[in-house]
Amino acid sequence: MREIIYRSVASETLGGDDIFRIVFRAKRANGRVGLSGFLIYSSGHFLQLLEGPHLELRRTFRVIAQDTRHSDVTVLSERPITERLFPDWRMRRIEQPDEAGARRFMAEQFGDRIPATIDTALREFYATIGGCLAARAG
Ligand SMILES: Cc1cc2nc3c(=O)[nH]c(=O)nc-3n(C[C@H](O)[C@H](O)[C@H](O)COP(=O)(O)O)c2cc1C
């Protein structure tokens, strides 16, 4: 199995209904091919972790990367795994606008020991969002 974490920039026209629809359909599709993971949407950016059988993961990720509802898809980490981190989440939407909230949420899932790939990805993701917001304000 394999795990991939990426971030991307949501299309400017994307609304709450669209995100609901993406997750709703992702759950169904992921269930069919044995993928699991989470999706965070915050300040116009996505962070997604996908895990599962190598071939299915590559195939789904290729489709996702070409989806016009987001752009600038940037892989933050990719690695082989022997166990899933989120066996019960075909695609879990996590609504945490800031890093502290996301960390608290993950710490609850993992009994305070957040896996290194997620720890690094969260830091990178919220730093990117912070940078974008600062650039827009300044
Ligand atoms: C941010 C984002 C995350 C997505 N996550 C998934 C996913 O986990 N699994 C999936 O099958 N499709 C996901 N999609 C949707 C795919 O890009 C694509 O629309 C879908 O797989 C096509 O299926 P359909 O032809 O049945 O609509 C995601 C799209 C976006 C924009």
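**View 1. The order of helices and strands along the chain.** From the N terminus on, this predicted model runs β-α-β-β-α-β-β-α-α. Count them up and you get four helices and five strands. The C-alpha atoms fit in a box of roughly 45 × 35 × 25 Å along the principal axes. A compact globule of 138 residues would have a radius of gyration near 14 Å, and the protein chain agrees because its own value is 14 Å. Of the 138 residues, 27% count as buried. Take the contacts with a separation of 6 or more, and 75% of them come from residues 24 or more positions apart.

**View 2. Strand 3 and its two partners.** Strand 3 (45-52) pairs with strand 1 (2-10) in the antiparallel sense, over eight bridges. Look for Val 9 here, which stands opposite His 45 of strand 3. Strand 2 (36-42) also runs antiparallel to strand 3, joined to it by seven bridges. In that pairing, Gly 37 has Leu 50 of strand 3 as its bridge partner. Strand 3 is mostly covered, with seven of its eight residues buried. As a reminder when you follow the side chains, in a regular strand they alternate between the two faces of the sheet.

**View 3. The hairpin turn at Ser 43.** Strand 2 and strand 3 form a hairpin, with two residues between them. Ser 43 sits in this loop between strand 2 and strand 3. Its phi is near 45°, a positive value in a residue other than glycine. Is Ser 43 buried or exposed? Neither, quite: Ser 43 counts as partly exposed because it has 14 C-beta neighbours inside 10 Å.

**View 4. The largest nonpolar core.** This core has 26 residues, and those with the most contacts inside it are Ile 5, Ile 40, Ala 121, Leu 122 and Phe 125. Strand 1, helix 1, strand 2, strand 3, helix 3 (99-109) and helix 4 (116-137) each supply at least two of its residues. Helix 4 gives the largest share, with six residues. In soluble globular proteins, nonpolar side chains tend to be buried together. Zoom in on Phe 125: leaving aside its neighbours within four places in sequence, Phe 125 is in contact with Arg 7, His 45 and Leu 47. His 45 turns up again here, having already appeared opposite Val 9.

**View 5. Leu 35, in the loop between helix 1 and strand 2.** Leu 35 is found in a loop, yet Leu 35 is buried, because 24 other C-beta atoms lie within 10 Å. Which residues does Leu 35 touch, leaving aside its neighbours within four places in sequence? They are Asn 30, Leu 50, Glu 51, Gly 52, Glu 56, Leu 57 and Thr 60. Leu 50 is a residue you've met already, as the bridge partner of Gly 37. For a sense of distance, Leu 35 and Ile 5 are 30 residues apart in sequence and 13 Å apart in space, C-alpha to C-alpha.

**View 6. The shell around the ligand.** The ligand is surrounded by 16 residues, and the closest are Ala 26, Ala 29, Ile 64, Asp 67 and Arg 69. Helix 1 (16-33), strand 3 and helix 2 (54-65) are the elements that give two or more residues to this shell. Which element gives the most to the shell? That's helix 1, with five residues. By type, the shell divides into nine nonpolar, four polar and three charged residues.

**View 7. Asp 72, in strand 4 (residues 70-80).** Asp 72 lies in strand 4, and its phi is near 50°, a positive value in a residue other than glycine. Asp 72 counts as exposed because it has 12 C-beta neighbours inside 10 Å.

**View 8. Gln 109, in helix 3.** Gln 109 is found in helix 3. With 16 C-beta neighbours inside 10 Å, Gln 109 counts as partly exposed. How far is Gln 109 from Glu 78? The two are 31 residues apart in sequence and 21 Å apart in space, C-alpha to C-alpha.

Definitions and conventions
Residues numbered from 1 in each chain as written. Predicted model: local features only at pLDDT ≥ 70, side-chain atom pairs only at ≥ 80, totals over all residues. Near = placed C-beta within 6 Å. Nonpolar A, V, L, I, M, F, W, Y, C, P; charged D, E, K, R; others polar. Rg over C-alpha atoms; globule rule 2.2 N^0.38 Å. Buried ≥ 20, exposed ≤ 12 C-beta atoms within 10 Å, placed from the backbone. Contact = placed C-beta atoms within 7 Å. Core = buried A, V, L, I, M, F, W, Y, C linked by C-beta atoms within 7 Å. Pairing = 2+ DSSP bridges.
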